[in-house]
Amino acid sequence: MRRLLITLVVFALLGLGGFVALTDPRVVSPSPEIGALPAPDLDNGRLLFAAGGCTSCHATPGQDDKLRLGGGLALGSPFGTFHAPNISPHTRDGIGNWGVKDFVDAMASGVSPAGQHYYPAFPYTSYRLMPPKALADLFAYIRTLQPVEGRAPGHDLRFPFNIRRVVGGWKLLFFNGEPFRPDPTKSDEWNRGAYLVQGPGHCAECHSSRNALGAIVQATRFAGGPDPEGKGWVPNITQAESGLGKWSKDEIAELLKTGFTPNFDSVGGSMAAVVRNIAQLPEADRMAMAEYLKSLPAVQGPPRPQKPEG
Amino acid sequence: MIRTALVIAGLGLGLTAVFANSNSIGERRDTMKGVGAATRDGAAIAKGETPFDAAKVQAIFKTYADAAKKMPTLYPDDAKTGGETTASPKIWEDQAGFKAAFVKFETDATAGAAVTDLAGFRTSFGAATKNCGTCHEAYRIKK
């Protein structure tokens, strides 16, 4: 009896030790090698800032200046409510005290300067495709913006999701920290589009359905699904009949610039803000995104709930 | 007997509510499709694919202004859900803001009807169609 008890305690300790070791931010999401970086390119930083839609979540809500990154926007999810933090260059409340390495760690590994996991509501799962040089450009651009005082409220999450360490287990299962690797068999335009769509643009984060743990179901990536924020349905953007199969490359680029579909419907919800951001990119970049999207194989997403009669 | 009559009357009321509901949803859908068709014409002119034509342009802005007047009346309390509506609950939570958005759309559309040349049209068409995205962002759910 006593031996059994000891065995159980030993196993429990081993299990706990294993959990602690395996969910350590540095173990599941090691820092990328930064190496020597050239002087930052602010124009590229501004472009990535627009492509990444940073302002859509981090701009202070209820005011018009989208470059005031005071945070505070509430983002609903099945796990509770997230609040986008202050990422303005304010030294106390924002990221004004961060170095390039802190920023690269946050964006590419989902780890805070204090060594804690970030929740994947912050789409580092996509942003990690940006190489350290690009992230350094983006960081340099954000540092030119106005510091905003005040911290956003903390996240309001259900147990056990309120324990950040749990994200380590999530990363172990679902997180890949590789940067973008161009496909040499494809055109430069396709590769540029693939990078923008999958990396900074983080399109798949909304245009895919998620499993019970909130990770993207890879088999139906880009095939749409229920809106993770609650109401509505996010469209399929693969080449499926119900997706972008019938859209021309020009029509996709047009939507990304003006928000109009080929039927002259105008996109709504959070896609309106995405269009405002992507409209700031050069036309060639929107065409590249369209080129990549036109290459996505047709995939059926999860079935939409039955339309009520009426 | 009275009870039967009451039940039938009740059912009738219920059915009327269902029909009223789907009528509003269908009508606002048709109205918006009209706006979309007008925008297709307008975009073709703005891009230089079809020549500038003052009468055609006025018809486009009239479609917008008429829709702006009609739309706010098509969201009664019994037409919040049903059909394939993509109306956001925010419409009913923020009626003042919702109506103000259509007043602005109507103002921009009315102003546009006075244009006489392509350059003027491009400006006012741009201003009027900006309302599409702004309003959909706030009052429409993803579909």
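Here is a short back-and-forth about a predicted model with chains A and B.

Me: How do you know that helix H5 of chain B has the span expected of a helix?
Reply: Take its 22 residues, 118-139, and count 1.5 Å a residue, using one less than the number of residues. That gives an expected 32 Å, and the end C-alpha atoms are 32 Å apart, so the two agree.

Me: What makes B:Phe121 and B:Cys132 of that helix buried?
Reply: A residue counts as buried if 20 or more other C-beta atoms lie within 10 Å of its own. B:Phe121 and B:Cys132 are on the buried list for H5(B), which also includes B:Phe125, B:Ala128, B:His136 and B:Tyr139.

Me: And what share of chain B is buried?
Reply: Buried residues come to 32% of the 143 in chain B.

Me: Why is the order of elements in chain B written with just one symbol, α?
Reply: The symbols follow the secondary structure, so five helices and zero strands become α-α-α-α-α from the N terminus on, with helices and strands being DSSP runs.

Me: How far apart in sequence are the residues that contacts in chain B join?
Reply: Count contacts between residues at least 6 apart in sequence, and 76% of them join residues at least 24 apart.

Me: What makes a set of residues in chain A a nonpolar core?
Reply: Its members must be buried residues of the nonpolar kinds, joined through C-beta atoms within 7 Å. The largest such core has 61 residues, and A:Met107, A:Leu135, A:Leu138, A:Met289 and A:Leu293 touch the most other members. Several helices of chain A give two or more residues, among them H3 (42-51), H5 (100-109) and H12 (283-294). The largest share, seven residues, comes from H7(A).

Me: Which domains of chain A does this core draw on?
Reply: It takes at least three residues from each of domain 1 (35-174) and domain 2 (188-294).

Me: How do you know that A:Leu135 is in contact with residues beyond its sequence neighbours?
Reply: Contact asks for C-beta atoms within 7 Å. Leaving aside neighbours within four places, A:Leu135 has A:Phe103, A:Val104, A:Met107, A:Ala108 and A:Met130 as contacts. There is also a second, separate core of 26 residues, including B:Ile25 and B:Ala67.

Me: What does the UniProt record say about chain A?
Reply: An unreviewed UniProt entry carries the annotation "domain: Cytochrome c" for residues 40-146 and 188-297. In the model, residues 40-146 are 37% helix and 7% strand, and the end C-alpha atoms of that span lie 18 Å apart.

Me: How do you know that domain 1 and domain 2 of chain A touch?
Reply: By the contact cut-off of 7 Å between C-beta atoms, 20 residues of domain 1 meet 22 residues of domain 2. On the domain 1 side, H3(A) gives the most, with four residues. That side has 13 nonpolar, seven polar and no charged residues. The C-alpha centres of the two domains lie 22 Å apart.

Me: What makes up the contact between the chains?
Reply: Chain A puts in 21 residues and chain B 19. Strand S5 (233-234) and H11 of chain A each supply at least two residues on the chain A side, and H11(A) gives the most, with four. By class, the chain A side has ten nonpolar, seven polar and four charged residues.

Definitions and conventions: Residues are numbered from 1 along each chain as its sequence is written. Chains are lettered from A and ligands numbered from 1 in the order in which they are written. This is a predicted model: local features need pLDDT of at least 70, side-chain atom pairs count only at pLDDT 80 or more; totals for chains, interfaces and linings use all residues. A residue is buried if 20 or more other C-beta atoms lie within 10 Å of its own, exposed if 12 or fewer, and partly exposed in between; C-beta atoms are placed from the backbone. Domain bounds come from an automatic or database domain assignment. Two residues are in contact if their C-beta atoms, placed from the backbone, lie within 7 Å. UniProt positions are given in the numbering used here, feature names are shortened, and annotations may be inferred rather than shown by experiment. Ala, Val, Leu, Ile, Met, Phe, Trp, Tyr, Cys and Pro count as nonpolar, Asp, Glu, Lys and Arg as charged, and the others, Gly among them, as polar.
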